[in-house]
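Visitor: I would like to understand how the words used for a protein model are earned. Could you take me through some of them, setting each value against its cut-off?

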Amino acid sequence: MSKQVKLKFKKLLKKAEFVQADLEYHDELLPEAKLEFSKAVSDILSSLSSEDQQKIDEHKQKAFDEMIERMKKESEAEEEESQNAAAIAEAIDDIKMNNEEPAETAEESKDSDDKNKKLKKLFYKIAALTHPDKAGARGVSPAESKRLERIFRKAREAYDDLNWYVLYCLALDLDLPVPNPTPEILEWLEEDIRLTMGKISVIGSLVVWAWYTGNAGRKNMAIAAYLKQTFDYSWSPDADPTEPP
């Protein structure tokens, strides 16, 4: 292992640790954010005049009717697609028979397979110690069994997401042998960081999150945007009866 790979690996681990902690922060607070936002919206809707509430009910009915119509069209499209299944299958068979794949595509497939195999190997090592059946067979205490089950669930989720970093950290915590860093593993770490930051960005773009983390002005803007988009109702925060005088 070169000094450059070693130092870059150490740097990426720190960055991955930070973004993973940030994602966990967002994931853990999001249910509370949704609950409190829903309550705030419900309070505002219940305070509206009967005339405004009727308009919102009419909008809900219209949106429901549009959803039913859209589902009908999607069903018709699916039926049409199923009728062409034979032709599609034949086209796929023709593609499979063509052995002249681009070298780059084949190499990418090889890299992906290699990552999947190594992730699976690491996951199986963790599962051998943490799976509820394995832990139960060893006769561990109930508290330890619950701890191991939490680790197993986290490992299962990381494996499903192809998150090498989380599996690596769980293996370290369990004193399992882990592979030495390689340029390939550095690429996996960088990919984990990008995907994790993407998940954080998605949560951060939610109206619910903007309301939950914002000041009074941002909260009002978030609710006004939500009511307009969801119910086509223009709400003025100045007329909000839920705000203290």
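Visitor: What makes helix H7 (residues 164–173) mostly covered?
Guide: This is a predicted model, and in it seven of the ten residues of H7 are buried. Buried means under 20% relative accessible area, and the residues of H7 that meet this cut-off are Trp-164, Tyr-165, Val-166, Leu-167, Tyr-168, Leu-170 and Ala-171. Across the chain of 245 residues, 27% count as buried.

Visitor: How do you know that Asn-163 caps the N-terminal end of H7?
Guide: A side-chain oxygen of Asn-163 lies 3.2 Å from the backbone nitrogen of Tyr-165, and because a polar contact is a pair of N or O atoms within 3.5 Å, the distance of 3.2 Å fits the cut-off. Just after H7, Asp-175 takes a positive phi of about 60°.

Visitor: Why is Thr-130 called buried?
Guide: Thr-130 has a relative accessible area of 0%, and since buried means under 20%, it is therefore called buried. Thr-130 belongs to helix H4 (residues 103–130).

Visitor: Which residues are in contact with Thr-130, if its neighbours within four places in sequence are left aside?
Guide: They are Leu-148, Glu-149, Ile-151, Phe-152 and Leu-174, where contact means heavy atoms within 4.5 Å. In addition, a polar atom of the Thr-130 side chain lies 2.8 Å from the backbone oxygen of Ile-126, which is within the 3.5 Å cut-off for a polar contact.

Visitor: What lines the largest pocket?
Guide: The largest pocket has a volume of about 280 Å³. Its lining is made of 14 residues, and those closest to its centre are Gln-20, Leu-23, Glu-157, Asp-161 and Lys-199. Helix H1 (3–46), helix H6 (142–160) and helix H8 (183–204) are the elements that give two or more residues to this lining. By kind, the lining residues divide into four nonpolar, three polar and seven charged.

Visitor: How many helices and strands does the chain have?
Guide: The chain has ten helices and zero strands. Among contacts between residues at least 6 apart in sequence, 72% join residues at least 24 apart.

Visitor: Where in the chain is confidence lowest, and where is it highest?
Guide: Confidence is lowest in helix H3 (residues 85–97), at a mean of 56, and highest in helix H9 (residues 207–213), at 96. Local features need pLDDT of at least 70, so the mean of 56 in H3 falls under that cut-off, whereas the 96 of H9 is over it. For the chain, the mean pLDDT is 85, and 84% of its residues reach 70 or more.

Key. Residues are numbered from 1 along each chain as its sequence is written. This is a predicted model: local features need pLDDT of at least 70, side-chain atom pairs count only at pLDDT 80 or more; totals for chains, interfaces and linings use all residues. Side-chain values use heavy atoms; hydrogens and water are left out. On a 1 Å grid over the protein atoms alone, a cavity is a set of points where a 1.4 Å probe fits but cannot get out, and a pocket is an open set with protein on both sides within 12 Å along at least five of seven lines; lining residues have an atom within 4 Å of a point. Grid points are joined across faces, edges and corners, and a volume is the space filled by probe spheres set on the points. Helices (H or I, at least four residues) and strands (E, at least two) are DSSP runs, numbered from the N terminus. Ala, Val, Leu, Ile, Met, Phe, Trp, Tyr, Cys and Pro count as nonpolar, Asp, Glu, Lys and Arg as charged, and the others, Gly among them, as polar. pLDDT is the predictor's confidence in each residue, from 0 to 100. Buried means under 20% relative accessible area, exposed over 50%, partly exposed in between (1.4 Å probe, protein chains only). A polar contact is a pair of N or O atoms within 3.5 Å; within protein, one must be able to donate a hydrogen and the other to accept it, and residues adjacent in sequence count only if both atoms are side-chain atoms.
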